[in-house]
Each structure stands twice: as structure tokens, then as C-alpha cells.
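Grab a coffee and work through these exercises with the viewer open. Try each task yourself before you read the solution.

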Amino acid sequence: MSDITSYEVADGIAVITIDNPPVNAMSTAVRKGCWAALEQLAADDSAKAAVLICAGRTFVAGADINEFDKPIEDPWLPALVEKFEASEKLIVAAIHGAALGGGLETAMGCHYRCAAPSARIGLPEVNLGLSPGATGTQRLPRLAGVRKALDMMTSGRPISAGDGQKAGVIEKLIDGDLREGAIAYARELLDAGAPIKRVSKLDVAAEGIDDGFFSEYLQGLARTARGFFAPEQIVECARAAVNESYQDALKTERKLFEKCRASTHSQAQRHLFFAEREVAKIPDVPKATPGREIKKVAVIGAGTMGGGITMNFVNAGVPVTVLEVDQAGLERGLGIIRKNYGSAVKKGRMTEERLEQAMGMIAVTTDYADIADADLVIEAVFETMAIKKEVFTKLDEVCKPGAILASNTSSLDLNEIAAVTKRPQDVIGLHFFAPANVMRLLEIVRGEKTAGDVIATAMATAKKIRKVGVLVGVCFGFVGNRMFFPYVREAQLMMLEGVSPERVDQVAYDWGMAMGPHAVMDLSGLDVFNKLNTEWKDRPDDPVYYRMCMALCEMGRYGQKTGAGIYKYDGRKALPDPEVMEIAKREATILGVKQIEVSDEEIIERMTCSMINEGALILEEGIAIRPGDIDVIFVNGYGLPRYRGGPMKYADAIGLDKVCNAIRKYRARYGDLWWTPAPLLEKLAAEGRTFQEWSESR
Ligand code: 3H9
């Protein structure tokens, strides 16, 4: 037996303990250890039954995801689960923390399951682009019914132990010491002569579950999981559970699991799983760096952004003081916040009482003196350098020593802002994404002088308000907007070249984007893009990438908010507007842009390769720490589908030589200004390496 599984007998009950920190993943060593423990149990006359339990903070949280890229080593998990089930001696799984994926599958291989009331169970493989592959797709429908099993497997959302008991997956909840309780439960089952319950022998309750049920279920998934590969495979496994024998259905499960495992979707989603955890690791700010205490927050500006930011902190239980220039602004801001909470009440996601409680945590003021004792101040005023500097000068005068002064700038030079204060070490960027109370991304911008403990506090704060915080350096637009610009630039140029915005948006949507680039621009406001252009100090001198936006703004077409932008709007419904293509044609003539045929492939290639090239420059300049950090930014803040893994992972998947060749092709057509391959990209393409390999080798 290995060090990470142990076997001991207490009062006639064997206790098999898995101890594989941090989350007891079912690695090869754990599987080997469990296999040996089961052999020992079979041969051990002193043990009449067994308990499977885990040390540390959780039960088994799944198969070891690190092993999915490698050849499979025996004993493979499905065989181990079957071995648990085949035991002639009764086995009870004792669950605390979370039994997820292969963990729950192992527990369902045991004959009975007990759990601490705080435990959770689930089959979250779908989040990794996988279908469950260790008999879970066959066992869960047998215990919980087909619909419940499908809902759990296709959403990936775990349920509480209590709900697991109601669903029939868990037999007993145990208060107090789980080990003792589980041993007592095993003894109780033995004494009562309880049968060895083998889940695979149970029938699947299939009443009302026919082809119609499955096709309806698939239709629902086409809306909620558009473009993802794994959910459909999960439905096929459930269909097999209903229509095939257990053994035949297992073959289906195995085949579809392998198909998922090899898919680019799963590779991308597994990459994101690790990337989203790695972003928290900052090479020069060790994990143990003590942060500053954030008990009081102040937000400057009660606009849409300020309101959204405020809600994040209130939701996390931190009181906020909102500052505006006048009372009218404050009332407008509070009104927006109340309306947002009100819609959560209408949808049944919040009680009226909680709404009032939340509003009670917001104080308002027009006087800077009232925010002097805030631990963290977040400025969310207009995106204009002069105004930002004015605010930070004031903050420097009034805020207590040690307060963190943050700017929500989405593009401006944070160092220039910090330089107006006498405490640049306390200044940081917290770039929230609209709507700030919804979007998961928080770009944390580190200035030249930002102190390590301020960075550590910002990272911890992101976690507290349930955001994914990604640390980036200072440059125009930081990582997200700087890379989004080339994407939008190509979309605008294509309009000038005669490609309709609705076609570009449809192609982007079909590729998996939540919205096409033109729809995003209209939503954010064309005036915002125009303003960014004027604030961009080193803007390259090429009007083709901003002329359309400017022309539409000159006509008062700012996007959704004015009822017309690139599209016309009927409420929030976007309608193509032939007038826009006429404007595009006129502007193209003035600028000498040729009308050309552009294929769907080219639309995607130009929008993604331009972005990837900028990403490579960003990596070389050290603005992002790792390619995975860029990917996390794009899937959490810009609507890139998780199954693409982010722009840098997508580049790795299609091959950097292919990306580089595409860029060279466009350089030949459009010149050097936008299409010079980044040196890092050229180098890696020539070496046949990926961004990921480059990152790992540093
Ligand atoms: C599966 O089971 C397939 C089977 O059906 C079929 C097989 C044949 N493997 O999230 P945290 C690491 S697929 C390897 O920060 P928390 C994680 O990278 C699997 N490593 O902690 C991190 O490392 P580091 C199905 C794993 O407390 C550290 O553990 N299961 C795994 O916030 C701490 O993680 C899942 O999808 C793993 N399975 O949350 C569950 N899990 O410290 C995935 C975690 O170096 N896991 N790590 O950055 C989770 O959802 C969360 O980790 C959990 C704890 C809720 C358990």
C-alpha cells in the first residue's frame, strides 16, 4: 500500500483512508493504494465490513486532472470502482467536503454512502469538457433518476448532502465525528443484516423517459450550452442507461468519455481549470504576503460602473460610501442600484428584506471628508486623464495613511495617475467590466510603484467579491482592451470593405462568441470607443480602424443607448441598417479602402490572429505574467467561449506556424503597421513550440 492510502481495522470494521492533499484526487498512486486495500480487505478475517474515508479538507474531488494528457495507467478508475462494488464485504463511503467526479463515482461504487451535512456531491466533469467516465453516467440515473442525474451532469453543479439524501444518493447524514459515525453506521448495517447494495444491479426508473424526452432535453441544451461538445455526449450516456444493459451502456460511456477527453474542447477547458487557479500566483508577491484589512470601502462616482462596483462589496458584506459631485447624481445612482436589486427580487433571487438590508449598507456623500477613514477607495469617474488626476489629488489629501487608492480606469496610464499622489505605492488599478455586478473578471493593474501588500490585498479582495482577479501591467488598454482593439479594428475595417456588420457578428457568434464585435460596440457605446481613441496618446496614424465609429458618432448614433449605432434598435433588438453600409461605402471611397469578398474563415482569422499577435507582444513586454492569464481575461470578461480556452490557447491549438503565416499573408495585403508578426510569435512558430511550452520553460 502507498503512503497516501492506509488500512486499519477498528472493532471489526476496516477503515481505508485516502490522504492525497490538497483535494484527494484519484491519482495513479491513490488508485493503486485503494486496489491493494480492497485485496487486503478481502483476505482479512478480522474485518467484516469497511469504511472508505478521506483525510484533509475533502473527500475525493475527482480523478487527477493532471493525468488526462498522459497515457492511462492501471488500475484505471472505472475498474477500481467496479472492484469496490464487487467486494463481498459491505463498504460504506464516508463523505465530507466534496465528493466530485471520480470521487462521487467511487462513492457510488460503495454499497452505502453517509455524509457530513456540510458535504456536497456532484459530477462536474462537464466543466472540463468531459462526460463522467468511471461508471457515473450509469450509476447516478439508477440512484437519482434520469432527469435529476442529467441535470446534475449537464450543469456540473454539485448539490448539498441533504439534497443528495432526498435524491437517493446518500443514505445517511452524520452529525459530529464522521469517522466514528461511519464506523457505527457500518456496524449498524452489519447487525441489521443489510444487503450488499450494488448500484449497477438496480433498474433505471425509465417511466416517461423516451426519445421525446431526450430530444427535448437536447433542445434545451442547445440554448443553455450552445456550442459545447460534452453535454450532448452526457445525454447519449443517459440514453444508453435507459435503453441498453449496464455492461453495454458502460461501453458507450467509455467510448464517449474518450471522445471528450481527446476533444479540443476538453483540452481547452482543462487548460482553463488550471489557468484560473494559477492567476492567483504572483512570482514576486508570495502567497504568505500579509494583506491590508478592508472593512470600509468608498466608491467615487455613482454612475452605472460605480453602482455595479458598490453592489459587489455590499453583496460581500462590506459597507460602502458612495461619493458624487451633487445630490442629484447620488439619487440617480442609488436609484440604479435599487432597480438592479429590485429585478433580483422579481426573479426570486433575493428577498425584499435583503434588498433593504443591502441598501442600508450604502452611505452617500458629496464631501470628500466623509471618506477619509475608508480602507479602500475606488474611483469610477469619466475616462479622462485630467478628471482622474483631480480625483486622486483630492484622495491623497483626505484619505488616511495606508488606504488603498484604486482607479477603475480601463485604459489610462496608472503611473501618471499615481504620480499626482505622495503615495504611489498605495495606488492600484481595479478594472471592473460592465455590468460590474455581473461580470466575473477584475483586471488588477500594477503600477511601477504599487506595493506588494497592496497587490496581495487586491487579489484577496477579488476573491472576496467573487471575481477572478488577474494581475496585469500598465500599457494603453492593459491586456483586455489592448487585445480587444485589434479585434474591433478588423471588424470596422471589414465594414469599410463591404462586409455587413450582421454577417461579421453572425460568424463570430457561430464561432462561439457571446456577441459579435459590432453588437458589443453598440452595447458599450460608440462614444466610449471614440473617447478611447482620443485618449490614446501614441495612437497609430491610420483612420481606417476608427473612422466608421467616428462617422456614426458624428450623426449622434452612439449605439443601443440612442436607439441607433452600427445597428438600429427596436427596444433592445438589433436590426440591420442599410444606411450604415452606405456610410461605410462613402467613407471607404474617401479613405481609398477597396471593396473585397471576405470568406467566413477570413473573418475569424483576421479577428483572432490580430488579437493573438497583440497577446504575444503583451507577453514579451511582461504586461501579462502568463499566456493562461490572458486566456482567463478573455473567457471571463470578453465573452470568448470556454471551449476555445482563450486566445492564446486557441493559437496553441491551431498551431503558431499557422497563426504566423496568416499574419504574414495580411501583412502582404495591408502593410506593416498592424500586421508585423510579434517577435515571440515568430520565434515560437519557427521552433514549433506553443505559448504554453514557452511559459513553462521560463
Ligand atoms: C473526473 O473525475 C473524471 C472521471 O469521471 C472519470 C475518470 C476516468 N485533479 O480549486 P482549488 C488542485 S474529472 C488535480 O483552488 P478549492 C487545484 O489545481 C474531475 N488537481 O481549491 C489546486 O492546485 P494548486 C472532476 C486538482 O478549495 C488545488 O487542488 N472533478 C483537482 O477552492 C486546490 O484547488 C472536478 O472537476 C483534480 N481533480 O476548491 C473537481 N481538483 O493549489 C475539481 C483540484 O496547485 N476541483 N485540484 O493551484 C474543484 O472543483 C475544486 O478544486 C474543489 C476545491 C471544489 C474540490
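## Exercise 1: the hairpin and its sheet

β1 and β2 make a hairpin with two residues between them, and Asp11 in the turn has a positive phi of about 55°. Keep in mind that this is a predicted model.

**Task.** Work out how β1 and β2 pair, and which sheet β1 and β2 belong to.

**Solution.**

Step 1. Start with the turn. Asp11 sits in the loop between β1 and β2. Its phi is positive although Asp11 is not a glycine.

Step 2. Walk along the pairing. β1 and β2 (residues 13–18) run antiparallel and share six bridges. For two checkpoints, look across from β1 to β2: Ser6 has Thr17 as its bridge partner, and Val9 has Ala14.

Step 3. Zoom out to the whole sheet. This one is open, with six strands in the order β1-β2-β3-β4-β6-β9 and mixed pairing. Its edge strands are β1 (5–10) and β9 (172–173), each paired on one side only.

Step 4. Add the helix. α1 (residues 28–43) packs on this sheet and touches β1, β2, β3 (49–54) and β4 (90–95). The direction of α1 makes about 25° with that of β1.

## Exercise 2: the three-stranded sheet

**Task.** Find the order of the sheet that holds β5, β7 and β8, and explain why β5 and β8 each have a side without a neighbour in the sheet.

**Solution.**

Step 1. The order is β5-β7-β8, in an open sheet with mixed pairing.

Step 2. β5 (98–100) and β8 (159–160) are the edge strands, and each has a single partner strand, so one side of each lacks a neighbour in the sheet.

Step 3. Check one pairing by hand. β5 and β7 (residues 120–122) are parallel, with three bridges. Ala99 is a good place to look: its bridge partner in β7 is Ile121.

Step 4. Now put the helix on top. α3 (residues 102–109) packs on the sheet and touches β5 and β7, with its direction at about 90° to that of β5.

## Exercise 3: around the ligand

**Task.** Say which residues come nearest to the ligand, and what makes up the shell around the ligand.

**Solution.**

Step 1. There are 27 residues around the ligand, and the nearest are Arg57, Gly102, Glu105, Glu125 and Arg277.

Step 2. Sort the shell by type: 16 residues are nonpolar, five are polar and six are charged.

Step 3. Ask which helices contribute. α3 and α11 (264–278) each provide at least two shell residues. The largest share, three residues, is from α11.

Step 4. Look at individual atom pairs. A polar side-chain atom of Arg277 is 2.6 Å from a ligand oxygen atom, and one of Glu105 is 2.7 Å from a ligand oxygen atom. With Ile65 the backbone is involved: one of its N or O atoms lies 3.0 Å from a nitrogen atom of the ligand.

Step 5. Finish with coverage. On its own the ligand has 1,000 Å² of accessible area, and the protein covers 75% of that.

## Exercise 4: two cis bonds

**Task.** Locate the loops that hold Pro75 and Pro435, and look at the peptide bond leading into Pro75 and into Pro435.

**Solution.**

Step 1. Pro75 is in the loop between β3 and α2 (77–86). Asp74 and Pro75 are joined by a cis peptide bond with omega of about -5°.

Step 2. Pro435 is in the loop between β15 (427–432) and β16 (441–445). The bond from Ala434 to Pro435 is cis too, with omega near -10°.

Definitions and conventions. Residues are numbered from 1 along each chain as its sequence is written. This is a predicted model: local features need pLDDT of at least 70, side-chain atom pairs count only at pLDDT 80 or more; totals for chains, interfaces and linings use all residues. Side-chain values use heavy atoms; hydrogens and water are left out. Two strands pair if DSSP finds at least two bridges between them. Helices (H or I, at least four residues) and strands (E, at least two) are DSSP runs, numbered from the N terminus. Contact means heavy atoms within 4.5 Å. Axes are lines fitted to C-alpha atoms, for helices over the stretch in contact, and angles run from 0 to 180 degrees between N-to-C directions. A residue is near a molecule or strand if one of its heavy atoms lies within 4 Å of it. A polar contact is a pair of N or O atoms within 3.5 Å; within protein, one must be able to donate a hydrogen and the other to accept it, and residues adjacent in sequence count only if both atoms are side-chain atoms. Accessible areas come from the Shrake-Rupley method with a 1.4 Å probe; for residues, only the protein chains shown count as cover. Ala, Val, Leu, Ile, Met, Phe, Trp, Tyr, Cys and Pro count as nonpolar, Asp, Glu, Lys and Arg as charged, and the others, Gly among them, as polar.
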